[in-house]
Amino acid sequence: MSGVTVRVPAKVNAQLAVGAARPDGFHDLANVFLAVSLYDEVTAAPADGLTVTCEGPDADKVPLDRTNLAARAAELLAARHGIAPDVHLHIKKDIPVAGGMAGGSADGAGALLACDALWGLGTPRDVLLEICAELGSDVPFSLVGGAALGTGRGEKLTELPVGGTFHWVFAVADGGLSTPVVFGEFDRLAEGVDIPEPAASPALLEALATGDTAALAAGLANDLQAPALSLRPSLAATLAVGTDAGALAALVSGSGPTTAFLVKDAETATAVAAALTASGTCRTARVATSPAAGATVLPAV
Ligand code: C5P
């Protein structure tokens, strides 16, 4: 067997409501995840020992040691089954690195599924989801895809119905933003403020369920946007370019610095992406749709 390849989507947060910092340092969230059609591919191939390689425009920014979530996923899965994590993991990276689109989480979920298939383990879905939660707050959603409400620190998922296709443009920034640093800035800005319990917006869930783009645009909300803008003020110019070019709504994706633009159709997406690219306020712009399927084993070629 030459290898098993799994395709895993990026995500955008249609709503990211953040509660006060918990004693364990995490924050309770109401996190409305939406998978989008930008994908990484993770291939697991037989090997002696555990190695990771990566290809793609941002490959030099991806760690190839055991801090890579793909490597950790292989180790955790092997440990559960009492076997050695003998695998070569190759990541074909298309999701922006440290961009707030769960690219690292995608690779963790992808490696988990690919190793499970390569090693013929047939691990039950609930156990795979448990390992995903151990890997990181966003990893369970990378496995599941579609749309889901994440509560707790984002790892407890309730799948959500989606009644249509949504069109997005993503402006990829130069450099990344560290998720813990953005949460830390959230805490700093929230000092002395009474933070409500995070809750999903019924209007937003209704917009997703009915496929109503205008209503979704009106409901998009991200509590990490203010801290991300505080750390990277230049993102405000990117958001303005997309809105001026015809986007229905603009927001920071997750902890940033990728910015997300919801548009009414594919034609507008192309125009907004062109305006963003021409503006010089971002490194590149990508067009995508949602929802997208979660981690999927690709047919052998
Ligand atoms: O779960 P994950 O490893 O992706 O989280 C990375 C960091 O982001 C955490 O160490 C924490 O600082 C922050 N975080 C948080 N609250 C969450 C999720 C992440 O504070 N719900």
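On a 1 Å grid over the protein atoms alone, a pocket is an open set of points with protein on both sides within 12 Å along at least five of seven lines, while a cavity is a set where a 1.4 Å probe fits but cannot get out, and lining residues have an atom within 4 Å of a point. The model is predicted, with local features needing pLDDT of at least 70, side-chain atom pairs counting only at pLDDT 80 or more, and totals for linings using all residues. Residues are numbered from 1 along each chain as its sequence is written.

**Exercise 1.** Find which residues lie nearest the centre of the largest pocket.

*Solution.* Start with the lining, which holds 41 residues, and then look towards the centre, where Leu-69, Ser-105, Asp-138, Thr-179 and Pro-180 lie nearest. Next, turn to the domains (bounds from an automatic or database assignment): domain 1 (4-160) and domain 2 (166-290) each give at least three residues to this lining.

**Exercise 2.** Explain where the largest cavity lies with respect to the two domains.

*Solution.* First, note that 13 residues line this cavity, with Val-97, Val-172, Ala-173, Gly-175 and Arg-283 nearest its centre. Because domain 1 (4-160) and domain 2 (166-290) both contribute to the lining, the largest cavity lies between them.

**Exercise 3.** Work out how the buried residues of H5 are placed around its axis.

*Solution.* Begin by listing the buried residues (under 20% relative accessible area, 1.4 Å probe, protein chains only) of H5, which are Val-182, Phe-183, Glu-185, Phe-186 and Ala-190. These residues cover an arc (of directions from the helix axis to the C-beta atoms) of only 155 degrees, which puts them on the same side of H5.

Note on methods
Heavy atoms only, no water. Buried < 20%, exposed > 50% of the residue type's maximum accessible area, 1.4 Å probe, protein only. Helix = DSSP H or I, 4+ residues; strand = E, 2+ residues; numbered from the N terminus.
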